[in-house]
Amino acid sequence: MSVMQTPGADGRFGQFGGQFVPETLVPACQELERAFTEAWNDALFREELNHLLKTYAGRPSILTECHNLGRELGIRLFLKREDLNHTGSHKINNVLGQALLAKRMGKKRIVAETGAGQHGVASATAAALLGLECKVFMGAVDMERQELNVFRMRLLGAEVVPAQSGSRTLKDAVNEAMRDWVATVESTHYCLGSVMGPHPYPYMVRQFHRVIGDEAREQCREVLGGDDPDVVVACVGGGSNAIGIFSGFVDTQARLIGVEPAGGAAVGRGVPGVVHGMKSYLMQDEEGQVQEAHSISAGLDYPGVGPEHSYLSEIGRAEYPSVTDAEVIDGFTLLARSEGIIPALECAHALAWIKRAAPEMQGQVVLMNLSGRGDKDVAQMMDVLGKK
Amino acid sequence: MPMHLETHLRAQRSAGKKLLVPYVTGGLLNWKEAIRAAAACGADAIEVGIPFSDPVMDGPVIQEASLRALKDGATPFGIIQEISTLDIDIPIAVMLYYNTVFRAGHERFATSLVKNGVSAAIIPDLPLEEAGEWCRDADAAGVETIMLAAPTAPDSRLPLVVERARGFVYAVGLLGITGERDSLASTATVLAGRLKKITDKPVLIGVGVSNAEQAYEACKVADGVIQGASVVRRLMESGPDAVGEYIAEVRAAIDTH
Ligand SMILES: Cc1ncc(COP(=O)(O)O)c(C=O)c1O
């Protein structure tokens with residue numbers, strides 16, 4: 001039996017997950033669960049989604065071997081190129097699925113939260129394509145450091161609203177999106193951007209992203225003569241790109257590594273808690289107040305993590321090391337110079353870990369999920385590197 | 001043992017009164033004075049908000065109040081302990097988010113409530129499906145868990161909510177978060193009517209009951225109202241005397257029923 005199961009009605013992965021939402025939202029979550037299960041088992045829905053993934057998002061994404069960097073580090077390094085998807089990250093996989101589902105449920109409007117802006121851009125894109133109204137909440141701090149994506153969302157016809165409370169980053173954008181949804185639940189679908197939140201989101205978003213892992217496993221077997229990689233690595237904010245690629249390898253011998261930012265290490269430094277509708281590892285104080293994360297990358301600047309990652313950590317199936325902002329900056333420039341690929345700052349976390357751990361992985365095959373491209377980060381990096 | 005909230009509210013209702021429950025954010029400047037003023041001006045029970053970093057059910061006013069209280073160093077156990085020094089003769093409930101309870105541990109938390117004279121708890125992010133363990137532990141310790149009923153609940157769900165509710169049934173007045181509105185949403189009395197049909201537990205409308213006139217409207221169907229943002233805003237803008245005056249005004253309006 002696979003380690004990654006379909007959760008029962010209680011939405012649990014081991015002790016984690018659940019549906020800790022205001023009473024107002026319970027019927028909506030239950031309706032969503034029913035609608036998703038029905039759609040996922042409906043060949044026509046799957047066909048429609050696959051068609052969009054192929055003809056609009058550009059799937060399958062390719063597998064690239066990094067010969068230069070691999071030689072330098074003494075490993076064989078492959079990248080799963082989610083950066084080449086339409087809109088520039090893995091987020092489009094989930095959003096196309098949820099937007100189709102929203103239409104199927106008769107919703108006219110979607111709301112979304114976004115950190116780096118990639119999920120917001122993907123949501124605005126899908127909304128434009130499918131004729132839905134779209135409102136995106138984004139931390140005021142993130143609107144500044146990801147200005148380009150704010151403009152992209154507005155170009156695509158979405159309304160972007162700054163979240164001004166708390167740390168004014170991703171956590172606060174989620175709060176605002178949930179508040180909006182409580183008030184508009186009858187007409188609106190909450191298009192949540194990661195494998196987090198109340199059931200069925202962690203499960204549903206994983207299913208929409210498992211295409212990453214399914215493709216990668218086949219592609220790896222092709223180039224490796226039927227073998228699987230030794231190590232599979234991805235960055236973890238809420239954990240959607242990581243769960244997507246892990247789902248292809250969880251039942252192989254591969255080590256699974258989810259890399260967190262040092263300033264947002266929910267699995268690494270958190271303890272179980274309940275926020276944003278789920279029970280999961282959470283950075284919090286003795287009183288249960290949620291702590292503010294601090295990361296150079298807006299997409300990973302989050303004190304929680306998806307519940308299935310907490311479960312994979314607890315049972316020892318996946319490891320969750322963290323890297324510092326300085327290592328991330330190194331990883332960012334390293335891939336650019338050695339391979340001609342500018343990664344998103346989020347994925348630069350995975351690179352930073354690979355570089356650090358390479359001495360212990362000599363000769364091994366490492367697969368990394370390159371979840372997004374770095375164009376959105378170039379302005380921020382001009383500041384960071386300019387000041388160096 | 002603290003006063004029994006449901007018994008107290010039923011007695012007030014039997015005496016022909018509509019029920020008035022003001023909400024005050026614990027740890028906010030002058031919060032205890034505001035509670036004493038409200039008690040002196042006709043409140044039937046008090047709801048004390050335990051500030052949380054991420055209050056998803058709350059609008060701008062209560063968010064701001066929570067933030068101020070946290071900045072001033074408010075902590076859940078600090079507030080609960082101070083409640084024991086209030087010296088008022090009406091029951092007190094706390095309103096808090098589940099992580100506060102989960103982090104402390106159910107038993108430890110419930111015991112501390114009882115020890116400090118708190119009768120009941122409202123946990124807006126702990127719906128029926130997730131509430132089982134807490135409700136068992138709360139029942140065992142003698143804490144009444146007030147359940148929320150929402151306008152979105154189908155007819156099949158309301159009886160389950162009502163059955164599980166202790167103290168009173170909290171009818172959420174509208175689709176949305178706490179905060180003042182220009183008029184009472186039609187959902188408020190519709191939901192209260194649905195609830196009154198299936199229970200004789202006290203039914204109080206909260207969220208979006210914003211002034212004396214709306215409280216009067218709500219009490220045409222409901223047994224009473226919770227006054228949240230309208231109270232907290234007055235406390236932040238003008239201080240505890242303004243809270244007392246406001247509660248007296250609402251009291252007078254609902255007493256005309
Ligand atoms: C490129 C990229 N990777 C990763 C993430 C983090 O999200 P998750 O952990 O859900 O994959 C983001 C979020 O904005 C992103 O833009």
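This is a short tour of a predicted model, with stops at chain A and at its contact with chain B.

**Stop 1: chain A, cartoon view.** Select chain A and colour by secondary structure. You should find 15 helices and 15 strands. Its radius of gyration is 19 Å, close to the 21 Å that the globule rule gives for 388 residues, so chain A is as compact as a globular protein of that length. Now turn the C-alpha trace. Along its principal axes, the trace spans about 55 × 50 × 45 Å.

**Stop 2: inside chain A.** How much of chain A is buried? Buried residues account for 66% of its 388 residues. Next, show contacts between residues at least 6 apart in sequence. Of these contacts in chain A, 74% join residues at least 24 apart.

**Stop 3: the surface of chain A.** Switch to a surface view. Chain A exposes about 13,200 Å². Carbon and sulfur atoms supply 49% of that area. Then pick out the charges. Chain A has 37 positive and 48 negative ones. Their mean positions lie 3 Å apart.

**Stop 4: where chain B meets chain A.** Show both chains together. Here 36 residues of chain B are in contact with 37 residues of chain A. The size of an interface is often given as the accessible area lost when the parts come together. Between chain B and chain A, the buried area is about 2,900 Å². Carbon and sulfur atoms give 54% of it.

**Stop 5: three residues of chain B.** Which three residues of chain B supply more of the area it buries against chain A than any other three? Select Val56(B), Arg103(B) and Glu130(B). They supply 22% of that area.

Terms used
Residues are numbered from 1 along each chain as its sequence is written. Chains are lettered from A and ligands numbered from 1 in the order in which they are written. This is a predicted model: local features need pLDDT of at least 70, side-chain atom pairs count only at pLDDT 80 or more; totals for chains, interfaces and linings use all residues. Side-chain values use heavy atoms; hydrogens and water are left out. Helices (H or I, at least four residues) and strands (E, at least two) are DSSP runs, numbered from the N terminus. The radius of gyration is taken over C-alpha atoms; the globule rule is 2.2 Å times the number of residues to the power 0.38. Buried means under 20% relative accessible area, exposed over 50%, partly exposed in between (1.4 Å probe, protein chains only). Contact means heavy atoms within 4.5 Å. Accessible areas come from the Shrake-Rupley method with a 1.4 Å probe; for residues, only the protein chains shown count as cover. Lys and Arg count as positive and Asp and Glu as negative; His and the chain ends are not counted. The place of a charge is taken as NZ of Lys, CZ of Arg, CG of Asp or CD of Glu. Buried area is the accessible area (1.4 Å probe) that two parts lose on being put together, summed over both.
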